[in-house]
Amino acid sequence: MRPLVLASALLAGLGLSMVALSPALAQTSAPAESAPLPIRQGLSMQEPDLQEDAALQAAVASDSRPVGDRARDVHRHPYESLTFWGLTPGMTVVEIEPGAKGWWRQILEPYAAATGGTYVPVNRPLEGMGVEDGQADLVLVARAFHNWARSDRTEPYLAAFYRALKPGGILAVEQHRGVEGLNAAETAATGYVSESYVIRAARDAGFELDARSELNANPRDDRDHAFGVWTLAPNRRSEADGRTLTPEERAEYDAIGESDRMTLRFRKPEAPR
């Protein structure tokens with residue numbers, strides 16, 4: 001059996017009118033700029049401050065979302081995550097590399113239509129952000145930094161996001177979380193980068209770390225997977241390079257669930273730095 005990290009979960013039921021939200025861990029305020037970067041210490045024991053948003057509840061609960069997408073809500077906490085990031089009605093939201101299946105898009109696009117906002121999918125940020133400079137309220141990056149770390153795209157991409165956002169605008173990040181102290185260029189091949197790598201890169205681009213959350217933490221994920229993060233759900237890769245997982249190994253990986261992920265909220269300063 002592979003070693004698994006065991007931790008107790010801080011769970012509490014959050015009853016909202018149109019969708020049953022999964023229990024989740026709390027957000028924490030950002031550390032001061034001079035504070036060290038060990039990420040997972042000193043977490044608040046309080047639940048996230050969720051303000052009811054009926055339109056967002058409806059978008060998450062909608063039958064128009066694929067069944068497979070909704071089945072993943074227990075792992076990805078869409079309502080809680082979007083509320084933590086600061087999504088509100090009427091925003092202009094830019095999603096970076098939403099992917100062919102568009103997991104977040106299935107929520108954000110109808111939400112924008114229902115609230116008078118704008119949803120903009122962007123696949124090649126260096127060719128254009130789909131909005132004029134300084135017009136976006138929120139830029140969402142989900143599970144992408146590991147790709148950029150391998151191809152020197154992190155710095156220019158973050159610069160493009162910074163230009164697109166309004167002063168005070170939000171950079172929202174969800175990313176597979178790697179072990180601190182390892183080289184991101186090496187761990188990125190497995191789908192993981194450290195939280196300090198993302199924080200440092202965003203700060204270098206001019207962003208301020210506003211808050212971080214353990215909403216999408218998974219202490220069962222030890223990152224020791226046969227085919228990187230893609231061994232886990234939802235990809236469930238079971239064979240590559242001449243190796244095939246046994247049924248027992250497959251069941252063991254499935255028991256982990258989805259990856260351990262950082263959930264970060266950055267802001268573009270109100271005044272130029």
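Contact here means that heavy atoms lie within 4.5 Å, and this is the sense in which the surroundings of individual residues are described below for what is a predicted model.

A convenient place to enter the structure is helix H5, which spans residues 105–115 and in which Ile107, Leu108, Tyr111, Ala112 and Thr115 are buried. These residues lie on the same side of H5, because they cover an arc of only 120 degrees around the axis. The pattern follows from helical geometry, since an α-helix has 3.6 residues a turn, so residues three or four places apart point the same way. Ala113 and Ala114, by contrast, are exposed and sit on the face of H5 that is turned away from its buried side. The cover over the buried residues of H5 includes two helices, H1 (54–61) and H4 (78–85), together with the strands S4 (92–96), S5 (118–122) and S6 (136–142). Beyond the end of the helix comes glycine 116, with a positive phi near 80 degrees.

Strand S4, one of the elements covering H5, is itself mostly covered, five of its five residues being buried. In a regular strand the side chains alternate between the two faces of the sheet. In S4 both faces are covered, with Thr92, Val94 and Ile96 buried on one side and Val93 and Glu95 buried on the other. S4 pairs with S5 in the parallel sense over five bridges, and within this pairing isoleucine 96 stands opposite valine 122 of S5. The connection between these two strands runs from S4 through H5 to S5, forming a β-α-β crossover that is right-handed. S4 also pairs with S6, again in the parallel sense, over four bridges, where valine 93 has leucine 138 of S6 opposite it.

From S6 the pairing can be followed to strand S7 (residues 165–176), in which 10 of the 12 residues are buried. S6 and S7 are parallel and share six bridges, and alanine 172 in S7 is the bridge partner of leucine 140. With strand S12 (residues 261–267), however, S7 pairs in the antiparallel sense, over seven bridges, and glutamate 174 stands opposite threonine 263 of S12.

The nonpolar packing can now be set beside these strands. The largest nonpolar core has 34 residues, of which Met129, Val139, Phe161, Leu171 and Phe266 touch the most other members. Two or more residues are given to this core by each of S4, S5, S6, helix H6 (145–149), helix H7 (154–164), S7, helix H9 (195–204) and S12, and the largest share, six residues, comes from H7. Phenylalanine 266, leaving aside its neighbours within four places in sequence, is in contact with a set of residues that includes Ile170, Leu171 and Val173, as well as Val198, Ile199, Ala202, Phe207 and Leu209. A second, separate core of 24 residues includes Leu87, Leu108, Tyr111 and Leu138; Leu108 and Tyr111 are among the buried residues of H5.

A last position to consider is threonine 244, which is found in strand S11 (residues 243–244). Threonine 244 is partly exposed, because its relative accessible area of 49% falls below the limit of over 50% that defines an exposed residue. Leaving aside neighbours within four places in sequence, threonine 244 is in contact with Ser238, Glu239 and Glu249. Alanine 226 is 18 residues apart from threonine 244 in sequence, and their C-alpha atoms are 9.3 Å apart in space.

Technical notes
Residues are numbered from 1 along each chain as its sequence is written. This is a predicted model: local features need pLDDT of at least 70, side-chain atom pairs count only at pLDDT 80 or more; totals for chains, interfaces and linings use all residues. Side-chain values use heavy atoms; hydrogens and water are left out. Buried means under 20% relative accessible area, exposed over 50%, partly exposed in between (1.4 Å probe, protein chains only). The arc is that of the directions from the helix axis to the C-beta atoms. Two strands pair if DSSP finds at least two bridges between them. A crossover is right-handed if, with the strands pointing away from the viewer, the path from the first strand over the helix to the second runs clockwise. A nonpolar core is a set of buried Ala, Val, Leu, Ile, Met, Phe, Trp, Tyr and Cys residues joined through side-chain atoms within 4.5 Å.
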